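Hello,

Here is the structure I promised to pass on to you. Please open it alongside this email, and I will go through what turned up in it.

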Amino acid sequence: MEKEKLFQEIAENVVEMEDEIVEELCEKSLEMGIDPVETINGGLIPGMDKVGQLYEDGEYFLPEVLTASFALNTGIDVLKPHIKQEDDGGKIKVVIGVVEGDTHDIGKNLVKIMGESGGFQVFDLGRDVPLEEFVTVAKENNVDFICLSTLMTTTMGGMKTVIDMLKEQGIRDNFKVIIGGGPISQKFADEIGADAYETDASSAVRRMKAMKGVG
Ligand code: B12
């Protein structure tokens with residue numbers, strides 16, 4: 001089977017919520033020697049994008065979205081151990097989480113996976129994270145980056161609150177703040193004074209390395 005055809009089938013089976021088929025197809029991608037990151041970006045994520053469209057069109061409801069995200073995560077579980085592990089992360093330390101009020105964590109988990117495979121030390125706070133926890137954990141571990149994720153417009157403001165907390169404590173310059181997620185834009189990043197915005201997990205990791213002058 002060709003790579004593009006395989007990616008298309010993976011995407012379709014995420015949409016169809018067929019977790020066992022997604023699992024088999026992801027195993028097949030590994031047998032074919034395809035880079036697992038390519039399979040995530042070319043098959044699994046486009047499948048979830050389509051699910052998002054169907055939800056917006058009123059054809060899918062939350063149970064379908066949830067089951068589809070389970071299928072996507074099944075695929076990630078198969079691929080994750082095979083992602084090439086680099087050790088040139090230059091001991092970059094990051095704290096990452098989804099801001100308070102938001103439980104969407106698929107994208108955040110991808111940034112975490114890509115960061116770890118890039119050799120970073122990642123402190124994952126999970127989802128719906130109380131905002132002060134980002135600051136506390138960043139200080140405790142003297143991290144380089146605070147990575148904030150959100151998929152909802154209603155919780156975007158939490159990102160600004162984290163930056164304001166850093167300013168109030170006089171430690172804004174100790175950390176770089178990098179933000180991402182569906183509703184986030186460069187414009188919003190500029191408005192709240194974040195150091196960087198990226199659209200996807202691979203770019204986020206490249207950007208952090210570039211900002212630290214590594215790799
Ligand atoms: C899957 C999904 C769910 C799943 C979440 C499962 C999970 N564990 O994450 C479930 C079914 C649970 C769910 C629930 C809800 N959802 Co929902 N959901 C989605 C959906 C369809 C896909 C999101 C997704 O995972 N995409 C795939 C991942 C890979 O993409 P991503 O997260 O954007 O991440 C990429 C980049 O953004 C970037 N990135 C992400 N984080 C970061 C961080 C940094 C630092 C950087 C640099 C980059 C980065 O890298 C990733 C890729 O490489 C979206 C629709 C959409 N179009 O996005 C709606 C969507 C986000 N949901 C929405 C809503 C409203 C809800 C609910 C409130 C619904 C309800 N009435 O209960 C609840 C949320 C409750 C809560 N308080 O959190 C709305 C938000 C609308 C808005 N304007 O705010 C959306 C946009 C759907 C819609 N059009 O209405 N949802």
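Strand S2 has two unlike faces: Val 122 and Asp 124 lie on the covered one, while Gln 121 and Phe 123 lie on the uncovered one. Please keep in mind throughout that this is a predicted model.

S2 (residues 121–124) runs parallel to strand S1 (residues 93–98), and four bridges join the two. If you would like to find this pairing on screen, try two pairs of residues. Lys 93 stands opposite Gln 121 of S2, and Val 95 has Phe 123 of S2 as its bridge partner. S1 itself is mostly covered, with five of its six residues buried.

From there you can follow the whole sheet. It is an open sheet of five strands, ordered S2-S1-S3-S4-S5, and the pairing is parallel. Which strands form the edges? They are S2 and strand S5 (196–197), each of which pairs on one side only. At the S5 end, strand S4 (residues 176–180) and S5 pair in the parallel sense through two bridges. Ile 178 is the residue to look for here, as it stands opposite Ala 196 in S5.

Now for the overall layout. The domain assignment splits the chain into domain 1, residues 3–82, and domain 2, residues 93–212. Measuring over C-alpha atoms, the centres of domain 1 and domain 2 are 25 Å apart. How many residues bring the two domains into contact? Six residues of domain 1 touch four residues of domain 2. On the domain 1 side, the elements that give two or more residues are helix H3 (36–56) and helix H4 (62–79). H3 gives the most, with three residues. Sorted by class, this side of domain 1 has four nonpolar residues, one polar residue and one charged residue.

Helix H2 is a good place to pause. It covers residues 19–31, and its length can be checked by simple reasoning: at 1.5 Å a residue, its 13 residues should span 18 Å, and the C-alpha atoms at its two ends are indeed 18 Å apart, so the two values agree. Which residues of H2 are buried? They are Val 22, Leu 25, Cys 26 and Ser 29. These residues lie on the same side of H2, because they cover an arc of only 100° around the axis. Their packing partners are helix H1 (3–15), H3 and H4. On the face of H2 turned away from this buried side you will find the exposed residues Glu 20 and Glu 31. Just after H2 comes Gly 33, with a positive phi of about 80°.

A few loop residues also deserve a look. Most residues other than glycine have a negative phi, which gives some background for the next two. Met 17 is not a glycine, yet its phi is positive, at about 65°. You will find Met 17 in the loop between H1 and H2. Is Met 17 buried or exposed? Met 17 counts as buried, because it has 21 C-beta neighbours inside 10 Å, and 20 or more are needed for that label.

Asn 142 is the other one: it is not a glycine either, and it has a positive phi of about 50°. Its loop runs between helix H6 (131–141) and strand S3 (145–149). Asn 142 is exposed, because 9 other C-beta atoms lie within 10 Å, and 12 or fewer count as exposed.

Finally, please look at Glu 86, in the loop between H4 and S1. Glu 86 counts as partly exposed, because it has 14 C-beta neighbours inside 10 Å. Leaving aside residues up to four places away in sequence, Glu 86 touches Ser 117, Gly 118 and Gly 119. Glu 86 and Glu 116 are 30 residues apart in sequence, and from C-alpha to C-alpha they are 8.6 Å apart in space.

I hope this helps you find your way around. Do write back if anything is unclear.

Best wishes

Technical notes:
Residues are numbered from 1 along each chain as its sequence is written. This is a predicted model: local features need pLDDT of at least 70, side-chain atom pairs count only at pLDDT 80 or more; totals for chains, interfaces and linings use all residues. Domain bounds come from an automatic or database domain assignment. Two residues are in contact if their C-beta atoms, placed from the backbone, lie within 7 Å. Ala, Val, Leu, Ile, Met, Phe, Trp, Tyr, Cys and Pro count as nonpolar, Asp, Glu, Lys and Arg as charged, and the others, Gly among them, as polar. The expected span of a helix is 1.5 Å times one less than its number of residues. The arc is that of the directions from the helix axis to the C-beta atoms. Two strands pair if DSSP finds at least two bridges between them.
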